[in-house]
Amino acid sequence: PRSMNSRVFIGNLNTLVVKKSDVEAIFSKYGKIVGCSVHKGFAFVQYVNERNARAAVAGGGGRVIAGQ
């Protein structure tokens with residue numbers, strides 16, 4: 001449960017174009033990523049701590065990736 005606070009959900013993701021390596025490259029600037037999973041239309045990024053996750057939400061919220 002503690003790790004849930006350091007996980008970020010990325011929704012409405014065009015996974016036909018955007019791959020796991022793209023998600024990691026985009027979100028790694030907010031902190032060390034310890035896990036990333038990409039599914040049809042969405043992804044999760046797991047950071048080492050909650051501070052990094054909050055920075056990613058603040059910096060990446062509302063961002064357009066591959067037209068979505």
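**View 1. The three-stranded open sheet.** In this predicted model, three strands make an open sheet in the order 1-3-2, with antiparallel pairing. Strands (E, at least two residues) and helices (H or I, at least four) are DSSP runs numbered from the N terminus, and two strands pair if DSSP finds at least two bridges between them. At the edges lie strand 1 (7-10) and strand 2 (33-39), each pairing on one side only. From one strand to the next, the twist averages 15 degrees; axes are lines fitted to C-alpha atoms, for helices over the stretch in contact, and angles run from 0 to 180 degrees between N-to-C directions.

**View 2. Strand 2 beside strand 3.** Six bridges join strand 2 to strand 3 (residues 42-47) in the antiparallel sense. Look for Ile-33 with its bridge partner Tyr-47, and for Gly-35 opposite Gln-46. The two strands form a hairpin with two residues between them. Gly-41, in the turn, has a positive phi of about 90 degrees.

**View 3. Strand 1 beside strand 3.** This antiparallel pair has four bridges. Here Ile-10 stands opposite Ala-43 of strand 3.

**View 4. Two helices on the sheet.** Which strands does helix 2 (residues 50-60) touch? Helix 2 packs on the sheet against strand 1 and strand 3 (contact means heavy atoms within 4.5 Å), and its direction makes about 25 degrees with that of strand 1.

**Notes.** Residues are numbered from 1 along each chain as its sequence is written. Local features need pLDDT of at least 70, side-chain atom pairs count only at pLDDT 80 or more, totals for chains, interfaces and linings use all residues, and side-chain values use heavy atoms, leaving out hydrogens and water.
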